[in-house]
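Biologist: Could you take me through one part of this model in close detail? I would like to see how a single helix packs against its partners.

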Amino acid sequence: MSIALTDTERAAGLRRMKTVATGLLAIMAVIFLIAFAFQEQYPWLQYVRAAAEGGMVGALADWFAVTALFKYPMGLKIPHTAIIPRKKDQIGTSLGQFVEENFLSESVVQQKLSSLGLAQRAGAWLSRPEGADRVAVEGAALIRGAFTVLDDDAVQKVIESMVRKHVVDPPWGPPVGRMAERVFEEGHHHRLVDLLVDRAAEWVDGNYDVVSSVVSQRSPTWVPHFVDGLVGDKVYVEFLKFVRAVQADPQHDVRLSIDKYLKDLAQDLQHDPVIIAKAEEIKAGILDDPRLHDVAARAWSTIKTALLEAVNDPDSELTRNFKAAVRDFGRRLTTDEDLARKINTWISDGAGYLVRTYRSDIAGIISETVERWDAEETSRKIELQVGKDLQFIRINGTVVGALAGLGIFSLAHALFG
């Protein structure tokens, strides 16, 4: 695994390599002077002189080439030197275009993502307990952070505005009428009617004294007491028979009357302006402004308290269920090929859309960043990154020049003596 170097370490390495390359040039110069001075006495030194001479030429030429990239050689403004400082902006633009055309290609990004199998990898990680635990911890931190940032009054106003927009402001009559009409047409209310009739029969069966008392209270004062008892008994018996008849007969007139009344009410709620207005009055009475504000405040307070308590307790039911859901989803990603393929396709298509739409903007960051750099600072940054390797060019040029000088002199000496 490569270790990133600091600028200080790169600068030290660059100085060492410059010292080595310059030292090699100095050695070649010393060898050349000695060989040149004594070649008459020792003819074989001619070969040494030629090699040293070629090495100096190669070293100087490569020193000039390397130096010309970053600055003016010896301060002389020779044409086509100090290339990086002078053409910084063009280099940034070209680099941005290169990245855009070769790396931010939609097909390249999609092919790479398709080969990674991100859904399967994510599923394998999520299916492990440590993966689910990490997601739960990060999710809890996100919720706590959100509650810290959110203003309670602002959230309550949002909840209140949503309730007002979707619940209070729309008329209640027509939607309630349509829902009721469907319920009544499908006969779902019959169970409620059966329950009410059953309760009524049970009440009448167990409240003989109440019925008799009501009859006695309603009869004239001149009627004898024993007559009230007979009449009360008769009324009770008939009332009980009536209720039991309604209870036993699904097609009883009372039941049919109730059905008709409810269906008519459903129609009136949708089309009768008077009934619709009454429904609006009822709604206004239930959800007036103070009550609506109180509902929003209580709803937000309840949600906030419940969530904070749940996320702060690793053993809470919400946390356990969340972890179980995460692990289950991870297992599905690893076993359900269709699901994994769909998610991989979504990721690939999403990345393709981003690259297709914003590739120029992303690549533009490179050119804009380089444009903001100072020319000398840009040259220094680039030299720190690649300068050490470029010094090898000087060293190689010295060695190759020496070999070339020796070879040329040897060939010429062999041909011409």
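Modeller: Happy to; what follows is a close look at helix H1 and the two helices it meets here. Please keep in mind that this is a predicted model.

Helix packing has a handy vocabulary: two packed helices are described by the angle between their axes and the distance between the axes.

Let us begin with H18. Helix H1 covers residues 7–38 and helix H18 residues 375–416, and their axes come within 9 Å, crossing at roughly 20°. Angles under 35 degrees count as roughly parallel, and H1 and H18 are therefore roughly parallel to each other. Their crossing is left-handed. On the H1 side, the residues that meet H18 include Asp7, Arg10, Leu14, Met17, Lys18 and Met28. Among their partners in H18 are Arg380, Glu383, Leu384, Lys388, Phe392 and Ile395. By class, this contact divides into 11 nonpolar, six polar and seven charged residues.

Now for H2, which spans residues 45–70. The axes of H1 and H2 come within 8 Å and cross at roughly 150°. With over 145 degrees counting as roughly antiparallel, that makes H1 roughly antiparallel to H2. The crossing of H1 and H2 is left-handed. From H1, the contact draws on residues including Leu25, Met28, Ile31, Phe32, Phe36 and Phe38; H2 contributes, among others, Leu45, Val48, Arg49, Glu53, Met56 and Leu60. The classes here are 14 nonpolar, one polar and two charged residues.

One residue is worth picking out: Met28 of H1 meets H18 and also takes part in the contact with H2.

Notes
Residues numbered from 1 in each chain as written. Predicted model: local features only at pLDDT ≥ 70, side-chain atom pairs only at ≥ 80, totals over all residues. Heavy atoms only, no water. Axes fitted to C-alpha atoms, helices over the stretch in contact; angles between N-to-C directions. Helix = DSSP H or I, 4+ residues; strand = E, 2+ residues; numbered from the N terminus. Parallel < 35°, antiparallel > 145°, perpendicular 65-115°, else oblique. Left-handed = near helix turned anticlockwise from the far one by under 90°. Contact = heavy atoms within 4.5 Å. Nonpolar A, V, L, I, M, F, W, Y, C, P; charged D, E, K, R; others polar.
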